[in-house]
Structure formats: structure tokens, C-alpha cells
Amino acid sequence: MKEETRLVTAGRRPNEHNGAVNPPVQRASTFLYPDLETMRSGEAPFGYGRAGTVTHRCFEEGVRDLEGGFETRLAPSGLAALTSGILAFCQTGDHILVTDSAYDPVRAFCNRFLARFGVETEYYDPLIGADIAGLFRPNTKVVLAETPGSLTFEMQDVPAIAKATKAAGVRLLVDNTYGAGVLFKPLAVGADLSIQSATKYIIGHADAMAGVLTSGDAETAAAVRAALRQLGSFVSPDEAYAGQRGLRSLHTRLRQHEASALVVATWLQGRDEVAEVLHPALPETPGHDIWRRDFSGSNGLFSIVLKPARDAALAAMLDGLTLFGMGYSWGGFESLIIPARPDAFRSATQWRRDGPLLRLHVGLENPEDLIADLKLGFDRLNAAA
């Protein structure tokens, strides 16, 4: 079946749920065993609510099928999925490599939490490709990649990195939130673990939070499962239900996000106030060739770099927007915009741009209306310059 069809059908069991087209929300902390032998065997399908219910399994099956993996497990958020994935494979005395374009809360976890327990984090240039092998040490256990970077949109050569990690026996974890399991398949090019913030495009309605970890093989899956269990990680059945609901329309929503974002991004390329548009699907953006090779499409997320502007002028532009809201996260139906300072977080590389960076998420509104909102914003920017 084509992927659109699999997304609509995966994880559904209407014959087991009185014909219900959507698997129901099953809330349970305690499951009863029919007899002592079953309880002792560990072979019962459900044992304790923290390990999941029917609702969780249905969502996990859908994501596993989407990512082409061995097993998918859930975490309470994208950050929890990323941190649990790292913890599954490292211990005191280990060394890990993290892309310099990584999601900033992951940097905070590495610099504050992991460092307390004797795990050393080294940040690497996201454009390093196969040369990452030169950074490996005998105690290197994990490489974390994120492609593209969710603020600055560097495209990482994941197949080249995967070849290097496989040869060295290092685990490769990929933050695949941008790819959403549809646009990019990290496991197919050699990654060990594909991680997403399901809060973003999978759930897609800005009303629930979850993370998903999809393992490429049984050994990886066992380590992830153990880490989540030992951390007491749990996702409510209501969040799991929101995730499986979002899967059904994921492919269709991504197509609309992509189409609208390209209209807005192309318009922004022609604005005098804009110095650079960072959108991997645009040929002018660095890394476009890697995107074209590895990805099947794009989504609603991209950044722009403005020409130098006073902070008061930037505030005038952003404060008056009516369709673009200022708020964190992305992947929902709504359009968002935030200013960012990549230079404040880099350590292995430098971010050198004269003007401020704005990250946009183009939602499901009509792109002509979004352009009109931005045009008025530029008018305010220029008036306050």
C-alpha cells in the first residue's frame, strides 16, 4: 500500500473494538491476570498501566509502520524522547557527539544533567558529514543528528554519518521531527534510532504533547524500552489517542503546509527587508542538494534573516501581526513566528549574520492572507526604522 493508505489504516483494529473506526481511549493503571501462571510468565499483553494500554499500542504500531522500524515507544514529550534515547546508550565515562544545531533544551540536558554524571558532550559542525569519524574516541557511544536544524536549517549528511557510526560501533540517533516520518526515513539510511516530537506534525493540532522513539533493530529497542521503564516515563492514553488521530491526516496536512510555506517563502525572497531565506527546498539555500537527495518533500517550517534592524522596529513588526502568533513549538494548524539568537548557543561553529533571525511556521491558513499579514508587519518595521 502507498504511505497515505498505511497512515489511514495502521494501528486500527475495528474487529477488536466493536467496529469502532478509531481505537478507543483505554485508561488503566491495573490489569488483572486470569491466573498465577500467566502472571508469572510475563506473556500477558498488558501488565501495568505505565507500560501502556491498547491506545498506546495502536499509536506505536502506526508510527513504527510509518518510520519503517522494528519497534516504537512513547515518551511524554519530544525532549523526553531525546533525553531517554541518549540515556539508553551512555553511562559515566562515556563521550557523546551532538550537532551544534541541536534543539537547545537538549544542549541544556547535556551540559547540566549528563555532565553531573560524568558523560562528556562534544558539539560538532552539522556539516561535518563523513569526517565525523575523526572525532570518535574509544569511549564514544552516541552521535545525535538533527536534520535540518530547526532554527538555522543546516542539512546533515545522515547517510555519510551513519556509515561512519556503523563502522565504529557508535549509535546514531536522529531527531526526525522535521521529517515527521514522512519526508525523511533515517532508519532506511543507517540510523539506529529515529526520534520525533509527536507534539509537532504527528499530533498536528497544538493540543497535546508526546514523543516517539522508533528503533531499527531488536537490540536498540530493548535498550530504549529499558530506559523508558527505569525512568518511569509515561504518556497518558488521551495523548496517545491524539497521536493516532493525527497520523490519519498527517500526509495530507504536510502537503498543504509545504505548498503554503513555499508560496510565503518565495514572496519573502523578493522583500528588500530580507537578507536571506533559509528553506531547504529552495535551490538558493545551502544544503538543498542533500535535501533533494534524502527528503521527499518539505513542510511549513523555515527561517529568514532580516537586514539589520533596531529592536524597536522588530517589535513593531511582530507585535502587530494578527495571523502569525508568537509562540514556541510548531507543526500545528496555526502559523507562528519567533525571533531567535543562534549565536547564543553555538560552540563548535559560529553563526555570523548581521540581522535578526525569524523562524516561521506556516499553518493551514490561506497563504495570501499570511502574506498580507507579513506585508503590514514590514510596513511597521520600516516606519519604526
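# Exercises on a predicted model

His-95 touches Glu-120, Glu-122, Leu-135, Arg-137, Asn-139, Thr-140, Lys-141 and Val-142, leaving aside residues up to four places away in sequence. The structure is a predicted model, and the exercises start from this residue.

**Exercise 1.** Place His-95 in the fold and decide whether His-95 is buried or exposed.

*Solution.*
- Step 1. Find the element: His-95 belongs to strand β2, residues 95-99.
- Step 2. Take the relative accessible area, which is 0% for His-95.
- Step 3. Apply the cut-off: a residue counts as buried under 20%, so His-95 is buried.
- Step 4. Look for a polar partner: the side chain of His-95 makes a polar contact with the side chain of Glu-122, at 2.8 Å.

**Exercise 2.** Give the strand order of the open sheet and explain why β1 and β3 each have a side without a neighbour.

*Solution.*
- Step 1. Write the order of the 7 strands: β1-β7-β6-β5-β4-β2-β3, with mixed pairing.
- Step 2. Look at the ends: β1 (71-75) and β3 (120-124) are at the edges and have a single partner strand each, so one side of each lacks a neighbour in the sheet.
- Step 3. Add the twist, which averages 20° from one strand to the next.

**Exercise 3.** Describe how β5 and β6 pair, then identify helices that contact the sheet.

*Solution.*
- Step 1. Strands β5 (residues 171-175) and β6 (residues 193-197) pair in the parallel sense, over 3 bridges.
- Step 2. Take one partner: Val-174 is bridged to Ser-194 in β6.
- Step 3. Helix α3 (residues 54-67) packs on the sheet and touches β1, β6 and β7 (211-215). The direction of α3 makes about 125° with that of β1.
- Step 4. Helix α6 (residues 158-168) lies across β3, β4 (140-146) and β5, and runs at about 155° to β5.

**Exercise 4.** Determine whether the chain is as compact as a globular protein of its length.

*Solution.*
- Step 1. Count the elements: the chain has 11 helices and 11 strands.
- Step 2. Compare two values: the radius of gyration is 22 Å, close to the 21 Å from the globule rule for 385 residues, so the chain is as compact as a globular protein of that length.
- Step 3. Note the extents: the C-alpha trace spans about 75 × 55 × 35 Å along its principal axes.
- Step 4. Consider burial: 54% of the 385 residues are buried.
- Step 5. Consider the surface: about 16600 Å² is exposed by the chain, and carbon and sulfur atoms supply 52% of it.

Definitions and conventions:
Residues numbered from 1 in each chain as written. Predicted model: local features only at pLDDT ≥ 70, side-chain atom pairs only at ≥ 80, totals over all residues. Heavy atoms only, no water. Pairing = 2+ DSSP bridges. Helix = DSSP H or I, 4+ residues; strand = E, 2+ residues; numbered from the N terminus. Axes fitted to C-alpha atoms, helices over the stretch in contact; angles between N-to-C directions. Contact = heavy atoms within 4.5 Å. Rg over C-alpha atoms; globule rule 2.2 N^0.38 Å. Buried < 20%, exposed > 50% of the residue type's maximum accessible area, 1.4 Å probe, protein only. Areas by Shrake-Rupley, 256 points an atom, 1.4 Å probe, with all protein chains shown as cover. Polar contact = N/O pair within 3.5 Å; in protein donor to acceptor, adjacent residues only side chain to side chain.
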